[in-house]
Amino acid sequence: MINAMQQVVVAGRQRDSRAIMQALQTAGVLHIVPVDSSSKGMGTTFQTGPLGGAAADERRESERLLARTESSLSQIGVQRGTTRAALLPEDHWPELVEQVATPAAELEDREAALRADLDARRAYGDVAAALARLASGLDERPRFAVLPLTTEKPEELQAIDAALRSELKDRYAMSSASVRDGLNAVVIAVLTPDRDRARAALSKARLGELRLPGRFEAMSLNAVVSEFGRIGKSADAELADVRAQKKRLAEAHGPALLSVRDALADRVAIDDARAATARGKYGFVLQGYVPADRVPGMQAALAPFGSGVMTELSAADEHHAAGAIPVQLKNNDYTRNFEFLLNISDPPRYGTFDPSWVVAFFFPIFFGFIVADIGFGSLFLIAACYMIGKSKSGQSLPIGLLGLTLDPATLYQVGYVLRTMSLWSILFGVLTGEFFGNILEKLHVFYVDPTLIKNFWGVTLAGGEHETGIIPILLPRVLPEFSTTLLLICIALGVVFVLWSWGLRLQLSLKHKHGHHAWEALGMLGGLVGLILLAYVSKAGREFGALGNFGNPLVIIMLVGFAVFILGVIMSRAFLMVIEILSNGGNIISFTRLFAVGVSAAILANLATGVGWSLGGVLPVIGPILGILVGLIVHTFLFALTILGHVMQPIRLMWVEYLNPTGFYQENGIRYNPFARVSLKK
């Protein structure tokens, strides 16, 4: 649900503004909105917008020190989760920051240089050694110029030789040697005055001389090889020493520096908040919103200022200013873990409705209905328990395939949702009798009882091979005789959800006195009821003559529904509703995805099991082992192909078929972002 908001105006003395803002920041409940300088009563005595004068200078200094602190913390590798030390007096902050920043920057530069040396040795070590052997020190003589390069194709050597001969005749020498497969080192020696002509010849051959990186470019080849040798012997030890020095700095000063960093960040945030106030010579005015259940916390924070601060509270106007009111969702623990599924968009507009509980309740049920397999559900459950355990130990989970990393909080939510989905999958798997397809049915653990199905569903089965076992199957979804029943169940869900969504649109439109949308929603409800009864009475078009039986009350309701639809089109002047009603009828049919995706996956799972089972019966010893291996491979392949649909189809029904008609995406709100200390936002 959407938490009720109170609009707040705070007024106080200018000399207390920083202290008051600090108290509000510690309370961490007020969502601040800028004061409009054109507001009634502001006149020209109040200033709005960015701070000026001495306050602006203080802010710039705080930002400079904060940036230097952040840089130092990053350079010495202090983790954000490190326990903070007691905050030092403010006049010690610059000294502490400089005490860490100077050696941290030097160590960072030294580490970067060592890494660059190691990278250069790794990339060019063997090439430089081959070039040095070929040059034989000729590049150290001022009379000669040596052009080193590498080639990958034999024809490139021929092109170089032809270009040099054309340009220099016989005034050059060229030698080459293989470095490794597909790569050759080449040295061209010319007289120093001919260097530019040799380079021009290489350019004509579409090749260029090799340029070593950084400081190695100015060295002779023998010196490069010697330096690479020294790097190989000592750079790793030097790098380890640099890291050890960084670690000592982090251990010695990290906790204190983090405390200073948080305090500086809080100070900059206070200056940002002050820029959103209206400021006069003697006073200031601040406005914002606070959740109704957190008003006492704000009042307690301002209580020490006594009469030096005044607050005015009023209920947020959800009818006229709903778009400017921040939205905070207030749900139970179960629903809160599903909220991230709706974070693809902004939160709902204040005064509308929060669909989080609908998604939290129905999405895992729909997923379980599609998967409906004890084996696959158990795999999901194992993965969910692993995620939850990892999150509780404070660890993140990198997902290389998607290129992202789930932090512990997000990982817990994903694991929680997956655990719920897996439990529903297992429950529906018991009802369908599926365990990695029909393995347990072949083992006569589950069986199909035609009498039970007839009594429970009214469906007559033709009989089959698995009619003996321990546990009867209540949802034999892969049997052709049962498919119509499942389709009707899914269509019934579609009817409920689509009518429910338009009913919500009607209720919200009436609440906010949006007549145009109210008539549109009422007309659509009437038209959908008419369409549904049209299909039901005519038995999906097989008996159109039944539509003329006016003694049937359903026919009368159908006609009334169509009349309401026509009235809604006229009153709302939304004539495209004639086309849109067909789209909404399609939304109802879309719920048959639950049947189609689930049954197709079950048939594929049965196919995988059948392949392995048949192999197991062919050979006496190796057959069962081979059957299990083949079955696992086929199951894994088919599962990888279908898992995306298992997740996306049910969530699509929530996002599109259900939420679109409610106007959820057309009327977005502002996310509640309270003014709070950095440490409180962790």
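Accessible areas here come from the Shrake-Rupley method with a 1.4 Å probe. The model is predicted.

**Exercise 1. Surface and burial**

Work out what kind of atoms the accessible surface of the chain belongs to, and what share of its residues is buried.

Solution. Step 1: take the total, which is about 34,500 Å² for the chain. Step 2: split it by atom type; carbon and sulfur atoms hold 61% of that surface. Step 3: apply the cut-off for burial, under 20% relative accessible area. By that cut-off, 44% of the 682 residues are buried.

**Exercise 2. Overall dimensions**

Compare the radius of gyration of the chain with that of a compact globule of 682 residues.

Solution. Step 1: the globule would have a radius of gyration near 26 Å. Step 2: the chain has 37 Å instead. Step 3: add the box filled by the C-alpha atoms, roughly 115 × 90 × 50 Å along the principal axes.

**Exercise 3. Helix α15**

Check the length of helix α15 (residues 515-537) against its number of residues, then describe its buried residues and their cover.

Solution. Step 1: α15 has 23 residues, and at 1.5 Å a residue these should span 33 Å. Step 2: the end C-alpha atoms are 33 Å apart, so the two values agree. Step 3: list buried positions; among them are A518, E520, M524, L525, L528, L533 and V537. Step 4: look for their cover, which includes α14 (483-511), α16 (553-572) and α17 (577-590). Step 5: move just past the helix, where K539 takes a positive phi of about 55°.

Conventions
Residues numbered from 1 in each chain as written. Predicted model: local features only at pLDDT ≥ 70, side-chain atom pairs only at ≥ 80, totals over all residues. Heavy atoms only, no water. Rg over C-alpha atoms; globule rule 2.2 N^0.38 Å. Buried < 20%, exposed > 50% of the residue type's maximum accessible area, 1.4 Å probe, protein only. Helix = DSSP H or I, 4+ residues; strand = E, 2+ residues; numbered from the N terminus. Expected span 1.5 Å × (residues − 1). Contact = heavy atoms within 4.5 Å.
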